[in-house]
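Student: I have a model to go through, and I want quick answers. Which term should we fix before we start?

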Amino acid sequence: MNIRYLIGLSALLLLANSNALYAAVDINNGKNMFNQECAECHSVKEGKNKKGPSLWNILGRKSASINDFNYSDNMRSSQIIWTSDQLSAYMEHPKVLVPAGKMKYDGLDNPKDRADLIEFLSSLH
């Protein structure tokens, strides 16, 4: 088998898997995941912070950008823009992306649940 064929086949399989994941995104599961994993500390209402900042309109927002929330120094200096990829990485391992942050959450392991949660959060604007 030629190497170009194998590389092309690998790329197609990777693309097919990522498309299947996004095609199967379930916003209702995302809302349930928010209620189970996030709602104790975060609100989805504009301007309503809890232990954590409001997650309303989070996609595309710069980290530590809510003026009346007291972020950790590391979150303030992280310069993260909350894209889907950044949110997924933070949800999976918050203490890896922002060491010594204030969030007391170990992470959400399941990539499908993270994708569903991000889809739910992206609907809030």
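Tutor: Buried means under 20% relative accessible area, exposed means over 50%, and partly exposed lies in between (1.4 Å probe, protein chains only). The model is predicted: local features need pLDDT of at least 70, side-chain atom pairs count only at pLDDT 80 or more, and totals for chains, interfaces and linings use all residues. Residues are numbered from 1 along each chain as its sequence is written, and side-chain values use heavy atoms, with hydrogens and water left out.

Student: Is Lys-112 buried, partly exposed or exposed?

Tutor: Lys-112 sits in helix α6. Its relative accessible area is 27%. That value falls between the two cut-offs, so Lys-112 is partly exposed.

Student: How far apart in space are Lys-112 and Val-25, C-alpha to C-alpha?

Tutor: In sequence, 87 residues separate Lys-112 and Val-25. In space, C-alpha to C-alpha, the two are apart by 7.4 Å.

Student: How many helices and strands does the protein chain have?

Tutor: Helices (H or I, at least four residues) and strands (E, at least two) are DSSP runs, numbered from the N terminus. The order from that end is α-α-α-α-α-α. The count is 6 helices and 0 strands.

Student: What share of the residues in the protein chain is buried?

Tutor: The protein chain has 125 residues. It exposes about 8100 Å² (Shrake-Rupley, 1.4 Å probe; for residues, only the protein chains shown count as cover), and carbon and sulfur atoms supply 55% of that area. Buried residues make up 31%.

Student: Of the contacts with a separation of 6 or more, what share joins residues 24 or more positions apart?

Tutor: A contact means heavy atoms within 4.5 Å. Among contacts in the protein chain with a separation of 6 or more, residues 24 or more positions apart account for 40%.

Student: Which helix gives the most residues to the largest nonpolar core?

Tutor: This core holds 23 residues (buried Ala, Val, Leu, Ile, Met, Phe, Trp, Tyr and Cys, joined through side-chain atoms within 4.5 Å). Phe-34, Trp-82, Leu-117 and Leu-121 touch the most other members. α2, α4 and α6 (111-122) each supply at least two residues. With 4 residues, the one that gives the most is α6.

Student: Which residues does Leu-121 contact, leaving aside neighbours within four places in sequence?

Tutor: Leu-121 is one of the core members that touch the most others. Its contacts beyond those neighbours are Phe-34, Val-44, Leu-55, Ile-58 and Met-91.

Student: Why do the buried residues of α2 lie on the same side?

Tutor: The buried residues of α2 (27-37) are Gly-30, Met-33 and Phe-34. They pack against α6, while the face turned away carries the exposed Asn-28 and Gln-36. The three share a side of α2 because the arc they cover around the axis (directions from the helix axis to the C-beta atoms) is only 100°.

Student: Within what arc do the buried residues of α4 fall?

Tutor: Leu-87, Ser-88, Tyr-90 and Met-91 are the buried residues of α4. They line one face of the helix. Their cover includes α3, α5 (94-97) and α6. Down the axis of α4, the arc is 165°.

Student: Which non-glycine residue in the loop between α3 and α4 has a positive phi?

Tutor: Asn-57 also has a positive phi, about 60°, but it is found in the loop between α2 and α3 (73-78). The loop between α3 and α4 (84-92) holds another residue with phi near 60°. That residue is Gln-79.

Student: Is Ser-63 buried or exposed?

Tutor: Ser-63 is in the loop between α2 and α3. Its contacts beyond four places in sequence are Met-75, Ser-78, Gln-79, Ile-80 and Trp-82. At a relative accessible area of 4%, Ser-63 is buried.

Student: Which residues does Glu-40 touch, not counting those up to four places away in sequence?

Tutor: Glu-40 is found in the loop between α2 and α3. It counts as exposed, at 61% relative accessibility. The residues it touches are Lys-50 and Lys-51.
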